[in-house]
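Hello,

Here is the structure I said I would pass on. My notes follow it.

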Amino acid sequence: NNNNNNNNNFQSRGFSQNVQQQEQQLSGAFYNQNNIVSEELYESEQNIQQQNNNENIENYFDDGVTEDILEDWEKANVVLNQLHELSQSQESQLESLCNFQQAAINSRNKENAFQTQKTQYQLNQQIELELKELHQLNRSMILKPCDLNTSRTLGVRLQIQQQTIDLYRRELTAVMSDQVTPLSNAMLIITEQPVPQVIFKKKSMEEQFSLRLLTGAAVDLRNMSAVEANLVAAEETNNKPWKSNQPVSNNQSTMENYNRSCTFHNLTINVSTRMSMVNFRFRVQLETSGGILPCIESAPSFPFIVITNESQWCDAACKLLLFDAFASYNEIPWPQFANGVHIHFLKSTRQEPAQPLRPILMKEFNYIHKKWFKNSPTIKTHPAGRFWSWFGKVTQTIRFKRHISNLWNNYLIYGLVTKQETIDVLTNREPGTFLIRFSESYPGLFAVSYVDKFDSDDPIKHYLVKPEDTGSQKTLPDFIREKPQFLYLLQFDIDTHQILTFPKDDAFEKYYSKGRKNFSDATGYVLL
């Protein structure tokens, strides 16, 4: 019995071990199976994540603004705010200076006069430093449009303050030496004027001119005439008399007595300037307690060129840009040239300089710098002129062609990009996806880059929109509408930095010509 019991116990233990082994095997198999499933799930999630990352990268628009550029813009903003506060403080100092000067003149006290001159000198030196800082800012970085506009406005204000100090200095010197002249008593200054620009003969200027009369501290002004605008040649080659008895219309404005300022609206030039630069000079006659003074004349305005037809616009605009950006220099820093181009571009495309709808992006400045100037730190006049022979046509197209300014301002035109970049952004896109860009080879013409559904080996195609493709009765949106190859417009959102696609009718419908039929859906016919 004992042996039987032992055998039974042994068999029981053996059975238990077998069961345990089987359980372990089953457990291991189940674990391995779970592990395989987990790994497959993990890999699947990773693939989905990678796919999402790739899509995010493909749909991300890089505007070219780096961390370094953001830091520079922040520094520029700080500097401009400081200079703005200083300029406001200097307005108060000028009022006090006027009172000191009047007291010094009335007393004829040499010590008072010396202290006043010392204050004038110190304030003038301070303003000179501020102007140099503004100039250096313009030379050292490409400014945001709002800062670029602020910089230009501040520069004008500081120069007016300098002119006021110069007037006070001349008046005080003349009085103390008993050599008073009309020029030492008054000055007519331009406080607001357009940037150098091309205008059309007999067409009113779009922007106004504002002037202010500055007088010495001791001047007793009794009366003044209307202010008159006169056209004068800015170049020696254009000294011939104008072929009109009235070269300028709307050329008189009445000076307000309270703040001694006036504004000219709708100035119109009735003559062509033969592709030469000209200026306005403004003049006024004053009557003081001492009698009638000779005419006081302003410094010349910024130059402009008057043309008779659109074909002259690009060459005239180039001449003004080079004059404004380079002045008397043959070579300037790249940021200074870029800022000058931006000012002229925004003016030419009729955009608000402080808040433009579609400025030149930093990415596009990088493209311009690399393609046209090989990333040179300085720019010379000859390469600058060669660049404008292309970019001037781009600007002219935006300014004059029907609907193009609206397409540009609403980012429906992708912008200034290389052909390779369009290939990169269109790769793996749905057939029929397209974008509109300016041609690199044909100045002022558009290229449509699109994904062709019939060529899987080389799907990205580029079509040059030729002049005969559009016209007075057929605009660029009309041309896009008629082509079945173009289905989905690629567009970037500058605020979200996302690249988006829209059905072309959603993007362009409001620009289609009314009454024009769409033949892209015609059935039974082959479209050429």
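Leaving aside residues up to four places away in sequence, Phe 508 touches Leu 407, Leu 412, Phe 434, Ile 436, Pro 477, Ile 480 and Leu 489. Bear in mind that this is a predicted model. Phe 508 is, with Phe 337 and Phe 391, one of the residues that touch the most other members of the largest nonpolar core, which has 83 residues. A second core, separate from it, has 30 residues, including Ala 186, Leu 221, Val 227 and Ala 229.

Next, strand 18. Six of the six residues in 446–451 are buried, so strand 18 is largely enclosed by the rest of the structure. Phe 446, Val 448 and Tyr 450 point one way, while Ala 447, Ser 449 and Val 451 point the other way. That fits the general pattern: in a regular strand, side chains alternate between the two faces of the sheet. Strand 18 pairs antiparallel with strand 17 (residues 433–438) over five bridges, and there Ser 449 stands opposite Leu 435. Strand 19 (residues 460–465) also runs antiparallel to strand 18, joined to it by six bridges; Ile 460 is the bridge partner of Val 451.

Last, helix 7 (residues 362–373). Its twelve residues should span 16 Å at 1.5 Å a residue, and the end C-alpha atoms are 15 Å apart, which agrees. Nine of the twelve are buried, so to speak of helix 7 as mostly covered is fair. The buried residues include Lys 363, Glu 364 and His 369 as well as Trp 372 and Phe 373. Among the elements they pack against are helix 2, helix 6 and strand 16. Just after helix 7, Lys 374 has a positive phi of about 50 degrees.

Regards

Methods
Residues numbered from 1 in each chain as written. Predicted model: local features only at pLDDT ≥ 70, side-chain atom pairs only at ≥ 80, totals over all residues. Heavy atoms only, no water. Core = buried A, V, L, I, M, F, W, Y, C linked by side-chain atoms within 4.5 Å. Buried < 20%, exposed > 50% of the residue type's maximum accessible area, 1.4 Å probe, protein only. Contact = heavy atoms within 4.5 Å. Helix = DSSP H or I, 4+ residues; strand = E, 2+ residues; numbered from the N terminus. Pairing = 2+ DSSP bridges. Expected span 1.5 Å × (residues − 1).
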